[in-house]
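Biologist: I would like to learn how to read a metal site in a model. Please take me through one.

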Amino acid sequence: MRKIMFIILDGVGDKPCKELGGKTPLEVAETPNLDRLAREGVCGSVRISEKPPESDEGHLALFGYNLKKHYPGRGPIEAAGVGLTLQRGDVAFRANMATVDERMIIVDRRAGRIETTEPFAKKANGMEIDGVKFLLKAGNAHRMALVMRGPGLSDKISNTDPHEEGKAVLASEPLDGSDNAKLTARLLNEFLSKTHEMFDAMPENQERIARKMKPANQILTRGAGYYRPIPPFKNKYKLKACCVTGGGLYLGLGRLMGMKPLEAIGATGDAKTDIQCKLTTAMRGLKQYDFAYVHIKGTDIFGHDGDANGKRRFIEKVDRSMPVLHSFDGVIVVTADHSTPCVLKDHSSDPVPIVISRGLERDRISRFSESACALGSLGRIEARDVMPAVLRLAGSTNL
Ligand code: ZN
Ligand code: ZN
């Protein structure tokens, strides 16, 4: 069978925009390369889910995972993204470093836009309370991941992050009557209060205060998730897979599916300039692997900003970086994990366009946009139909 490059333009789907004369960013963008992919393949329109999906949900649905059965929660995905290796039964959280005053009121949810929480994470990492181990790792800037490891833990506990400055840090509460939830909430609260004192006393914070910076003295947690491994992509599809993503959530998703993360060599770290580098990295990876997942984030960011012209320009930028793909002789899929309409500045459940290019079939569509792809021969499909269609068109016999 042919090799497969699966490109996700995060949130690229949109609704008609006033500033674009009632068209979507994809409809007005000049995209000769995406249009060529449409001409050389089959198009359709994918319904990701009934409710507006989060990115992690949209991705897992596209890759054929049943969310009800396999969605691990945001915490484990973020933890995998910062490089924590999870074990079955771990409870993982998204965390961030904040500044609180002596009454435990949140003064700054990002600890004065701290550059790194590394010394704090190192200091608290590995702490044990009543036989439960706490693993803490720094992510980007104020972001961190926290994992609780031990017997009898539950993710049915509430967030300690009130999501608003000027409010007090919340105590985590059990969300059901189980002993496991009570235990987990109690130990988490104890850990958060111990680390608060520990951080306050650290010389790094004395120094921050002396330099009129806000101390990094409180971890806030949310998105608890109980980790159980999900079926590896390789077992599901008999494909050796790699991924080329930025950091965080998308890297975590790739890792949890068992994909090999490839570093985009020559990347500048700026998601908006690294597209060609990501594509060539994926092409190189596909010499060794059967399937490459490539994630491009910018489209979603412009959607959240409500910047229709910016989104159009970004799509054109993606398109301009695509000529490198002409020398790739495998199947190329381009689609999205959800729509992020500029008018909503948020995700929606609107269907997303898909092209499966250079496989066994062609249709008459010659343009990559929501409206054009909807007329393609794939028609309106569900997220779970995507991988079977891709495998069929790539000539796989593992169906
Ligand atoms: Zn997304
Ligand atoms: Zn988004």
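Biologist: What arrangement do the four donor atoms around the zinc ion (ligand 2) make?

Modeller: For four tetrahedral donors, the ideal angle at a metal is 109.5 degrees. This is a predicted model, and here the angles around the zinc ion (ligand 2) run from 55 to 146°. A tetrahedral call needs all angles between 85 and 135 degrees, so this arrangement is irregular.

Biologist: Which protein donors does the zinc ion (ligand 2) have?

Modeller: Asp300 gives two entries, both OD, and His304 and His347 each give NE2. They lie 2.0 to 2.5 Å from the ion. Along the chain, the spacing of these donors is D-x3-H-x42-H. Distant parts of the chain are linked here: Asp300 sits in helix α12 (residues 298–305), and His347, 47 residues apart from it, in the loop between β12 and β13.

Biologist: Are Asp300 and His347 buried or exposed?

Modeller: Buried means under 20% relative accessible area. Asp300 has 3%, so it is buried, and His347, at 12%, counts as buried too.

Biologist: How many Å separate the zinc ion (ligand 2) from the zinc ion (ligand 1)?

Modeller: The two ions are 4.6 Å apart. The zinc ion (ligand 1) is coordinated at 1.9 to 2.7 Å by Asp10 (OD, listed twice), Ser55 (OG), Asp337 (OD) and His338 (NE2). Its donors follow the spacing D-x44-S-x281-D-H. Asp10, in the loop between β1 (4–9) and α1 (25–28), and Asp337, in the loop between β12 (331–335) and β13 (352–357), are 327 residues apart.

Biologist: What is the relative accessibility of Asp10?

Modeller: Asp10 is at 0%, so it counts as buried. Asp337 is also buried, with a relative accessible area of 0%.

How values were computed: Residues are numbered from 1 along each chain as its sequence is written. Chains are lettered from A and ligands numbered from 1 in the order in which they are written. This is a predicted model: local features need pLDDT of at least 70, side-chain atom pairs count only at pLDDT 80 or more; totals for chains, interfaces and linings use all residues. Side-chain values use heavy atoms; hydrogens and water are left out. Donors are N, O and S atoms within 2.8 Å of the metal (3.2 Å for Na, K and Ca); water is not among the atoms, so sites may look incomplete. Helices (H or I, at least four residues) and strands (E, at least two) are DSSP runs, numbered from the N terminus. Buried means under 20% relative accessible area, exposed over 50%, partly exposed in between (1.4 Å probe, protein chains only). Four donors count as tetrahedral if all angles lie between 85 and 135 degrees; four count as square planar and six as octahedral if opposite donors are over 155 degrees apart and all others between 65 and 115; anything else is irregular.
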